[in-house]
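Thank you all for coming; I would like to spend a few minutes on the open spaces in a structure that may be new to you. Please have a look at it on the screen before I go on.

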Amino acid sequence: MFGYIKPAYPELLVKQYELYKAVYCGICEATGRITPFLSLALSYDFVYLAMVRSSLCGEKFTFKTKRCIAHPFKKRKMAVSSPSIDHTAKAALILTVEKLDDDIRDCDTPFFKKLVFRIYRSILMKKLKKLMISEPCFKEIYESSKSSLDKLVELETEKCDSIDDVSAVFSSTLKELCSFGLEGNSKLIAGELSDVIGRLIYIFDALDDVRNDEKNSSFNPLLNKYGSSENAIANMDILDLTISMYIEKADNISALLPADSEVTHILRNIASMGLSAQSASIIKKVTDKSHKKSKKGNLNDRSL
């Protein structure tokens with residue numbers, strides 16, 4: 001995942017911030033039990049996944065303190081293994097393999113970087129095969145994720161210019177992983193919420209990388225639609241409207257989460273403030289670069 005889904009930290013209570021960090025550490029420990037290499041791919045997006053499932057399942061986290069490789073000199077508070085944390089660790093394995101498959105397939109990835117990705121993937125794939133044997137349900141999810149990746153390849157080949165269409169395919173694996181094993185309204189809420197979050201992750205990433213993708217001639221639906229990164233940025237109002245629509249939808253769905261869950265306030269914070277802050281940060285980043293480039297061009301364009 002990409003690390004875009006985070007709360008607005010200043011708006012969290014201290015105990016909520018400590019809980020958030022502890023769940024991250026708990027997921028890190030859980031991925032380390034699968035393989036220490038998987039922890040390298042961990043991001044805060046996975047905390048969101050674990051918290052959504054814990055909220056809908058009525059789980060309450062318990063904690064312990066211990067040292068870890070990342071913090072060997074000071075004990076850290078971390079969430080003890082739970083169904084939502086263990087499921088998230090397994091989801092991280094599938095999503096990381098899927099991301100590596102996409103990076104390896106990308107013709108713009110440098111040779112040596114691609115070689116490292118292949119080695120990393122082979123390590124993770126061994127663990128994934130064991131997981132699919134012990135828990136066959138994850139084989140179905142992995143096969144579905146491969147199918148989604150194939151659909152993304154088709155859209156890239158067709159030079160699709162609809163960010164809604166591409167983001168819908170991208171979010172399908174996250175939707176399946178988040179709602180897996182749930183029933184009734186809980187399954188519907190998890191599915192709809194993760195679908196919106198998956199779409200936002202893709203849109204944030206496409207916007208964040210629009211200049212690099214143009215430079216490297218990589219696929220980006222924004223470039224296909226507007227022809228260049230400058231034109232895409234010039235039409236930022238349209239994209240901002242799309243982002244705002246998805247954020248509002250995420251906020252509305254988050255209101256359906258159980259009010260008595262210890263993590264619901266954090267999830268509502270992410271939906272109502274964190275996503276908007278992330279969107280504003282990315283938009284400011286790309287528009288500031290555009291403004292600097294335009295200003296530099298004007299300085300160089302001196303009349304005789």
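I will take the two pockets in turn, and please keep in mind throughout that this is a predicted model.

Let me begin with the largest pocket, which encloses about 1300 Å³ of space. Its lining is made up of 43 residues, and if you look for those closest to the centre you will find Lys99, Asp102, Asp103, Asp106 and Asp205. Sorted by kind, the residues of this lining come out as 21 nonpolar, 13 charged and nine polar.

Which helices supply at least two residues each to the lining of the largest pocket? On the screen you can follow them along the chain, from H3 (83-105), H4 (111-134) and H5 (137-157), through H6 (163-179) and H7 (184-208), to H8 (210-215) and H9 (221-226). Among the contributors to this lining, H3 gives the most, with eight residues.

Now let me turn to the second largest pocket, whose volume is about 450 Å³. Here 18 residues form the lining, and the ones that lie nearest the centre are Cys28, Ser39, Cys68, Ile69 and Ala70. At least two lining residues come from helix H1 (14-34), and at least two come from strand E2 (76-79); it is H1 that gives the most to this second lining, with six residues. As for the kinds of residue around the second largest pocket, ten are nonpolar, five are charged and three are polar.

That is where I will stop, and I am happy to go back to either pocket on the screen.

Technical notes
Residues are numbered from 1 along each chain as its sequence is written. This is a predicted model: local features need pLDDT of at least 70, side-chain atom pairs count only at pLDDT 80 or more; totals for chains, interfaces and linings use all residues. Side-chain values use heavy atoms; hydrogens and water are left out. On a 1 Å grid over the protein atoms alone, a cavity is a set of points where a 1.4 Å probe fits but cannot get out, and a pocket is an open set with protein on both sides within 12 Å along at least five of seven lines; lining residues have an atom within 4 Å of a point. Grid points are joined across faces, edges and corners, and a volume is the space filled by probe spheres set on the points. Helices (H or I, at least four residues) and strands (E, at least two) are DSSP runs, numbered from the N terminus. Ala, Val, Leu, Ile, Met, Phe, Trp, Tyr, Cys and Pro count as nonpolar, Asp, Glu, Lys and Arg as charged, and the others, Gly among them, as polar.
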